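Reader: Could you take me through the surroundings of the ligand in this one? I'd like a close look at that part.

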Amino acid sequence: MTADTADILKVEGLTKTFGGLSANEDVSFSAPRGAICGLIGPNGAGKSTLFKALLGVHKPDRGRIIFDGIDITDISQQKRCRLGLCCTFQISESFSELSILEAVMVGAYSRTSSRAKARTDALVAIGEVGLTDLAHLRYSELNVFQRKKAELATALATNPKLLLLDELFAGCSLHEIAELIDLIGALNQRLGTTFIIVEHVLHVIMSLCSKVIVLESGRILEIGTPAEISTSPVVLAAYLGEDYDVDEHQKFGR
Ligand SMILES: Nc1ncnc2c1ncn2[C@@H]1O[C@H](COP(=O)(O)OP(=O)(O)OP(=O)(O)O)[C@@H](O)[C@H]1O
Ligand SMILES: [Mg+2]
């Protein structure tokens, strides 16, 4: 397989058990290069576990992960990041006195040891999310929405080919969610970054994604376009319920 194949990610038969519990069971799917994909399912379906396997936090019991033509199943988190597979991560309390610029530079240092280059790359990433005027502010001074954008900038500073977003929109107002949807759509267009988004607010998935993967109890229930997923009898029966109306942008699983 070469790095210019249409799918940037191929997951084959991924299985992860915790004791007797199958958090992921024989999960197979692909993510087209340049697409925004959604990963949905109720609480405990195995979405975060799957992300952790992709990132190398968990070692799967079985299965393979092919990223950009390379089998990454057994390689370290750091190497995966350098290859271009990254996630957003919350800035912990111990880093809350860092400025946005300093925090985003942490992401940039994954690709360079030069302070000047890290600073330049961080400023570009901060500009991409529209935080340039706030780059000097400390994390502890930011509101939730500004933190989300700073976390996004930190991930962008690693120069990802595939960016995993696990509930990035949690805690945001409807207005902020609309702004984040526009921002991610614009980043996808401008930078060509592939995204996989875990999100309980279905409006986000329906607005942004061209492909949706539905997990239930660790297994793939359905894969399709938002239109196919929202009319799939098996998905409707399992998750959305008879009252689901796509236009109402209902939440589920919460
Ligand atoms: N480190 C762990 N040890 C034991 N069980 C775990 C661990 N991580 C996850 N699980 C279990 O695996 C299952 C899947 O959890 P996971 O966090 O992947 O679900 P999720 O789809 O992300 O849910 P949510 O929507 O609530 O974030 C759950 O039953 C959870 O309790
Ligand atoms: Mg989760």
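Author: Here is a walk around the ligand site, with the ground rules up front. This is a predicted model, where local features need pLDDT of at least 70 and side-chain atom pairs count only at pLDDT 80 or more, while totals for chains, interfaces and linings use all residues. Residues are numbered from 1 along each chain as its sequence is written, chains are lettered from A and ligands numbered from 1 in the order in which they are written, and side-chain values use heavy atoms, with hydrogens and water left out.

So, ligand 1. There are 13 residues around ligand 1, and G44, G46, K47, S48 and T49 come nearest (a residue is near if one of its heavy atoms lies within 4 Å of the molecule). Sort the shell by class and you get five nonpolar, six polar and two charged residues; in this scheme Ala, Val, Leu, Ile, Met, Phe, Trp, Tyr, Cys and Pro are nonpolar, Asp, Glu, Lys and Arg are charged, and the others, Gly among them, are polar.

Now the polar contacts, meaning pairs of N or O atoms within 3.5 Å. The side chain of S48 puts an N or O atom 2.9 Å from an oxygen atom of ligand 1. N43 also uses its side chain, with a polar atom 3.0 Å from a ligand 1 oxygen. With A45 the backbone does the job: one of its N or O atoms sits 3.1 Å from an oxygen of ligand 1.

How much of ligand 1 does the protein bury? On its own the ligand exposes 630 Å², and the protein buries 61% of that (Shrake-Rupley areas, 1.4 Å probe). Two elements, β2 (21–32) and α1 (47–55), each give two or more residues to the shell, and α1 has the largest share, with three residues. Both are DSSP runs numbered from the N terminus: helices are H or I with at least four residues, strands E with at least two.

Conventions:
A polar contact is a pair of N or O atoms within 3.5 Å; within protein, one must be able to donate a hydrogen and the other to accept it, and residues adjacent in sequence count only if both atoms are side-chain atoms.
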